[in-house]
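Student: Could you walk me through one part of this model in detail? I would like a close look at the charged side chains and how they pair.

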Amino acid sequence: MNQVITSKNHYAVKRAKRLRRRTYRDREGLFLVEGLNLLSEAVRSNAVLRELIHVDSKADEARLIAGEASEPIPIYQISEGLMDVVSDVVTHQGIVGVLEQVDESYEEFMRRDSLSLLLVADQVRDPGNLGALMRIADCAGAEGFLLTSGSVDVYNPKVVCSAAGSHFHLPLVRDVDMQVLANDVRERGMRLWGLDPHSGRNYLEVNYREPTALIMGNEASGLEEEDRCLVEDTVQIKMAGKAESLNVASAAAVVLFEALRQRGHDAGDG
């Protein structure tokens, strides 16, 4: 059903605006996804779409996405001005969806039979960095992306945009306790490595053919001291130029794609 909304006090507009806050997202178990490409990826990946909000010029896109949803959903048409209220970006894309959150519990995740490559974000606070890390984990074929409680919310709209659909491709686990994770992955025979910009083994000398969990620390301070003692060792990427270090997402890409190389990944088969 397509309903035209003209008031900013309509519950659909008010709820979408509130979903820009983490407390409301977590209470409702929902989050916002903006744009045709991300919404199409969501429904193709069987994410649960609850409703769509669009401007008049995006009516055809809204009908297309709604037609791919698993069940009928409400569709609301609003003005450009109201979309500026709903959207979290400077230049909106004209269509926003409300989806159910897609992360799973830590206990459920650890019951998986096969875990050979994990990426863990420990106190990563920049939304763009976190989204990029998710996208890299997705591209590298990681079986999971885990976040400690000090990291930015995985459903922050800027994270959702930066991750470019990876929310719907790989298992996500929030609020992970590093001590518990360290104990559990070791019990599964995994090696736990922390990436450090200044110290540790050369990342090229590490054997990533073994089941591996890679820990990425905070952008400014790196791994927390209490977490550093939990990893088997730290690894670093040697710099040839004068820059002090790589961006946290770029560094993760370097190491994870070295892991792919060692595991015999053939880009032509992807």
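Tutor: Happy to; what follows is a tour of the salt bridges, with a stop at a neighbouring topic or two along the way. Please keep in mind that this is a predicted model.

Let's start with R15, which sits in helix α1. Its relative accessible area is 16%, so R15 is buried, the limit for that class being under 20%. Which residues does R15 touch, once neighbours within four places in sequence are left aside? They are Y24, L30 and E51. With E51 the contact is also a salt bridge, and the closest N and O atoms of the pair are 2.4 Å apart. This bridge joins distant parts of the chain, since R15 belongs to helix α1 and E51 to strand β3, 36 residues apart. E51 has a relative accessibility of 3%, so this partner counts as buried too. In general, side chains of opposite charge can pair when their charged atoms come close.

Now turn to D88, which has two partners to look at. One is R20: the two side chains meet in a salt bridge at 3.4 Å, N to O. Here D88 is in the loop between α5 (80–86) and β5 (95–100), while R20 is in the loop between α1 and α2, so the pair links parts of the chain 68 residues apart. As for exposure, D88 counts as partly exposed at 26% relative accessibility, and R20 is partly exposed as well, with 33%. The other partner is K158, whose side chain meets that of D88 in a salt bridge at 3.5 Å, N to O. That pair again links distant parts of the chain, with K158 in helix α8 (residues 157–163), 70 residues from D88.

Beyond these pairs, R22, R25, D26, D103, D153, R174 and D175 are linked in a network of salt bridges. The full count of salt bridges in the model comes to 19.

Some charges are arranged in another way: K8, K14, K17, R18 and R21 form a positive surface patch. Of these, R21 lies in the loop between α1 (11–18) and α2 (22–28), and R21 is partly exposed, with a relative accessible area of 45%.

Finally, back to strand β3 (residues 49–54), which also holds H54. H54 counts as buried, because its relative accessibility is 0%. Its contacts beyond four places in sequence include N2, A59, I75, M83 and I95. For I75, the C-alpha atoms of the two residues are separated by 7.8 Å, with their positions 21 residues apart along the chain.

Conventions. Residues numbered from 1 in each chain as written. Predicted model: local features only at pLDDT ≥ 70, side-chain atom pairs only at ≥ 80, totals over all residues. Heavy atoms only, no water. Helix = DSSP H or I, 4+ residues; strand = E, 2+ residues; numbered from the N terminus. Buried < 20%, exposed > 50% of the residue type's maximum accessible area, 1.4 Å probe, protein only. Contact = heavy atoms within 4.5 Å. Patch = residues over 30% accessible without salt bridge, like charges linked within 9 Å, V, L, I, M, F, W, Y side chains within 5 Å. Areas by Shrake-Rupley, 256 points an atom, 1.4 Å probe, with all protein chains shown as cover. Salt bridge = Lys/Arg side-chain N within 4 Å of Asp/Glu carboxyl O. Lys, Arg positive; Asp, Glu negative; His and termini not counted. Charge placed at Lys NZ, Arg CZ, Asp CG, Glu CD.
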